[in-house]
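Hi everyone, thanks for coming. I'd like to walk you through one structure today, so have a look at it first and then we'll go round it together.

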Amino acid sequence: MKELIIATKNPGKMKDFKGLFEPLGIRVSSLLDFPELVEDIEETGSTFEENAAIKAEAICEKFNLPVISDDSGIEIDALNGAPGVYSARYAGEEKDDLANLQKVLNELSDVPKEQRSGRFVCVLAIAQPDEKIILKRGECEGMIGFEAIGEYGFGYDPIFYPAGSSRTMAELTPEEKNNISHRRKALDKIEKWVKEL
Ligand SMILES: O=c1nc[nH]c2c1ncn2[C@H]1C[C@H](O)[C@@H](COP(=O)(O)OP(=O)(O)OP(=O)(O)O)O1
Ligand SMILES: [Mg+2]
């Protein structure tokens with residue numbers, strides 16, 4: 001079976017990726033599989049594209065192998081696009097999913113339902129030795145709820161209602177999420193390269 005390295009330390013993303021890559025017959029491993037080898041990569045970019053490129057290129061160079069990275073987050077219109085590229089560290093450096101979504105709920109406490117629009121964004125990068133980097137973006141539009149609901153998923157899933165859904169992303173099964181997610185849409189755009197790797 002083909003194997004691919006995903007340059008991430010986020011276990012929630014990896015669950016998504018395992019489900020997304022399985023139908024392609026590709027087994028994925030992450031930086032969580034060899035934590036002692038890889039120090040944290042500083043995400044110094046101001047866009048998802050820049051940060052995805054930083055992560056993929058750093059790990060591609062280290063292993064001299066093709067690598068995929070994911071930089072993602074949630075943009076909330078009433079917060080002028082925040083937390084955006086700062087989604088992981090919105091409530092502090094410790095990257096606490098619950099603290100992050102609670103901070104968003106607090107900031108939106110006075111914002112009425114019809115003004116709570118936002119979207120998940122995922123940029124996937126493919127870095128290959130001696131090749132130009134490939135970057136593709138997927139987005140999933142939706143609304144921010146008033147409380148955290150649901151047990152599946154990770155990150156901001158419990159407060160995000162995908163457009164047209166009466167359930168939060170964390171109430172959808174992993175299969176349902178993977179059919180509509182920002183990650184799915186970005187992966188669809190890189191699939192032809194993935195198959196050639
Ligand atoms: O499907 C998702 N469902 C819910 N929340 C999500 C999703 N996708 C990204 N998110 C949130 C989680 C984290 O707060 C941030 C990603 O930040 P991001 O820097 O890309 O990832 P990370 O630091 O957790 O792991 P890594 O950089 O090692 O891949 O956006
Ligand atoms: Mg990160």
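How do the residues of the shell around ligand 1 divide into nonpolar, polar and charged? Before I answer, please keep in mind that this is a predicted model. The split is five nonpolar, nine polar and eight charged. Altogether, 22 residues surround ligand 1, and the closest are Thr8, Asn10, Ser72, Ala88 and Gly155. If you want to know which element gives the largest share of that shell, look at strand β3, residues 67-76, which supplies four residues.

Let's stay with β3 for a moment, since Asp71 sits in that strand. Asp71 turns up twice in the UniProt record, which is an unreviewed entry: under "active site" it is covered, and under "binding site" it is covered together with Glu42. Those two binding-site residues span 30 residues in sequence, yet their C-alpha atoms are no more than 12.2 Å apart, so they gather at one spot.

Now, is Asp71 buried or exposed? Asp71 is buried, because it has 28 C-beta neighbours inside 10 Å and the cut-off for buried is 20 or more. Setting aside residues up to four places away in sequence, Asp71 touches Phe48, Asn51, Ala52, Lys55 and Val123. Glu42 is another story: this residue lies in the loop between β2 (26-30) and α2 (48-63). With 10 other C-beta atoms within 10 Å, Glu42 is exposed, since 12 or fewer counts as exposed.

That brings us to α2 itself. What should 16 residues of helix span at 1.5 Å a residue? The expected figure for α2 is 22 Å, and its end C-alpha atoms are 23 Å apart, which agrees. The buried residues of α2 are Phe48, Asn51, Ala52, Ala53, Ile54, Lys55, Ala56, Ile59 and Cys60. As a reminder, an α-helix has 3.6 residues a turn, so residues three or four places apart point the same way. Among the elements covering the buried residues of α2 are β1 (2-6), β3, β4 and β5. Right after α2 comes Asn64, with a positive phi near 55°.

Let me do the same check on α5, residues 182-196. Its 15 residues should span 21 Å at 1.5 Å a residue, and the end C-alpha atoms are 22 Å apart, which agrees. Where does α5 bend? The bend is at Ile190, and the angle is about 60°. His182, Arg183, Ala186 and Leu187 are the buried residues of this helix. Their cover includes α1 (11-21), β3, β4 (117-127) and β5 (134-144).

A quick stop at Glu171, in the loop between β6 (160-162) and α4 (174-180). Glu171 has 18 other C-beta atoms within 10 Å, so this residue is partly exposed. Beyond its neighbours within four places in sequence, Glu171 is in contact with Ile149, Gly150 and Tyr152. Glu171 and Phe160 are eleven residues apart in sequence, and their C-alpha atoms are 9.8 Å apart in space.

I'll finish with the backbone geometry, for those of you who like torsions. Most residues other than glycine have a negative phi, and most peptide bonds are trans. Which residues does a cis peptide bond join here? That bond joins Ala82 and Pro83, with omega about -5°. Pro83 lies in the loop between β3 and α3 (97-107). Asn80 is placed in the loop between β3 and α3 too, and its phi is positive, near 55°. Asn80 is exposed, with 8 other C-beta atoms within 10 Å. Then there is Asp130, in the loop between β4 and β5. Asp130 is not a glycine, but its phi is positive, about 60°. With 6 C-beta neighbours inside 10 Å, Asp130 counts as exposed.

That's my tour. Thanks for listening!

Definitions and conventions: Residues numbered from 1 in each chain as written. Chains lettered and ligands numbered in written order. Predicted model: local features only at pLDDT ≥ 70, side-chain atom pairs only at ≥ 80, totals over all residues. Near = placed C-beta within 6 Å. Helix = DSSP H or I, 4+ residues; strand = E, 2+ residues; numbered from the N terminus. Nonpolar A, V, L, I, M, F, W, Y, C, P; charged D, E, K, R; others polar. UniProt positions renumbered as here; feature names shortened; annotations may be inferred. Contact = placed C-beta atoms within 7 Å. Expected span 1.5 Å × (residues − 1). Bend = angle between axes of the 7 residues up to and from the residue.
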